[in-house]
Structures are given as C-alpha cells and as structure tokens.
Amino acid sequence: MSLANGLTLLFAALCLWTMALQSRGGVTTLGRVALPGGFAVLATLMLLAGVFETSILFDILWVVAFALGSMIGRVRGWMLSVQSNRKAGLVSLPATVDGLVAALILAALSGIDFTSAMLGEALIEPGYIAAASALCAGFLGYRMLVIALRVVRPAPPGNVSRAA
C-alpha cells in the first residue's frame, strides 16, 4: 500500500462528491462543471500508474476504453440542454444521473484498488481496473469539455445552446 492508493481514492471521492452536487442540476460556474472530469482524469492516471505488470493487451484495452468513453461523453455533452449567462459566468445544467453513475463506478474501482493494496493481492487485475476507470474518465472529461465549448461559443438568440 502506498500514498498513490490513498490519493487515487481521494480523487475518486472528490469526483463523486462534485458530480453528486452537479447531478442535481441548477446554476453553477464553468469551473465547477470542470471539477468532476478533472478529478476523474487524476484518479485514472493514478490507477494507470499503479499497473506495474503491463502487456500490449492492457495498453490497447486502456486506449480503447478511453476512446469509447470519450465518444460517449462527447455525444452526451451535446445532448444536454445547457444555458449560460456569460456576463455573470454562470451555466445552467439539467438534473442528470449519467455523470453520477460514471463517478460511482470510478469510486468503486478506486475502492477495489485500495482494498487490493491493503490485502496485498489483486482482487481484480490492475490493468482491467485502469481500463474501466479510463472509460469513466473519458466520459466525464469529454462531457465536461463539450459543455464548456458550448458555453463559450457564440449562442443563438434566446441564449440556449442546442445540440449541433
């Protein structure tokens, strides 16, 4: 067990906490919209760094999982109804559970990694945990990125950013 296992669990918990606040919907700042995706990416990088016995299979699996999560997150980001007030720097998001589910999965994966480190033996192969977390981080990261791009681009009349 190392500091990395604890930090991974901390970043995943912060991702879950900030995503739980965001999943209720409402008005927030763009910076707060970015927090869950940022924490998810940090947790995933920590989990990936913990994979010592790697193979080409795990590398391919990690990249494919991240790419798939990114595509799904991009689509979901465009599907959300987002309103922004640029003068006040605020974003209005609808209540959703998709990000919360991804954050819950990431927290569970980090918990499994932490438990494995405490027991001294892997409950699930670390390469699979890193790949599953990459799926979640890709989803949360790209979902946030699309929301941010929709907020900063010129808005149509009515200040509602519609899907392209």
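A residue counts as buried here when its relative accessible area is under 20%. In this predicted model, Asp98 comes in at 18%, so Asp98 makes the cut as a buried residue. Asp98 sits in helix H4, and its contacts beyond the residues up to four places away in sequence are Arg76, Phe139 and Arg143.

Two of those contacts turn out to be charged pairs. Asp98 forms a salt bridge with Arg76, with 2.6 Å between the closest N and O atoms. This pair links distant parts of the chain, since Asp98 belongs to helix H4 and Arg76 to helix H3, 22 residues apart. Arg76 has a relative accessible area of 21%, so Arg76 lands in the partly exposed class. The other pair is Asp98 with Arg143, whose side chains meet in a salt bridge at 3.4 Å, N to O. Here Asp98 is in helix H4 and Arg143 in helix H5, so the bridge ties together parts 45 residues apart in sequence. Both ends of this second pair, Asp98 and Arg143, are buried. Put together, the salt bridges share partners and join Arg76, Asp98 and Arg143 into one network. The salt-bridge count comes to two.

Now for the helix that carries Asp98. H4 runs over residues 98-119, and at 1.5 Å a residue its 22 residues should span 32 Å; the end C-alpha atoms are 32 Å apart, so the expected span and the model agree. Asp98 has plenty of company among the buried residues of H4, which also include Gly99, Ala102, Ala103, Leu106, Ala107, Leu109, Ser110, Asp113, Phe114, Ser116 and Ala117. The cover over these buried residues includes helix H1 (3-23), helix H2 (30-49), helix H3 (56-79) and helix H5 (126-152). After H4 comes Gly120, with a positive phi near 85°.

H2, one of the helices covering H4, has a feature of its own: a kink of about 25° centred on Pro36. Even so, the end-to-end check works out for H2, because its 20 residues should span 28 Å at 1.5 Å a residue and its end C-alpha atoms are 29 Å apart, which agrees. Pro36 itself is on the list of buried residues in H2, along with Val33, Gly37, Phe39, Ala40, Ala43, Thr44 and Leu47. What covers them includes H1, H3, H4 and H5, plus two strands, E1 (26-29) and E3 (90-93).

Methods: Residues numbered from 1 in each chain as written. Predicted model: local features only at pLDDT ≥ 70, side-chain atom pairs only at ≥ 80, totals over all residues. Heavy atoms only, no water. Helix = DSSP H or I, 4+ residues; strand = E, 2+ residues; numbered from the N terminus. Expected span 1.5 Å × (residues − 1). Buried < 20%, exposed > 50% of the residue type's maximum accessible area, 1.4 Å probe, protein only. Contact = heavy atoms within 4.5 Å. Bend = angle between axes of the 7 residues up to and from the residue. Salt bridge = Lys/Arg side-chain N within 4 Å of Asp/Glu carboxyl O.
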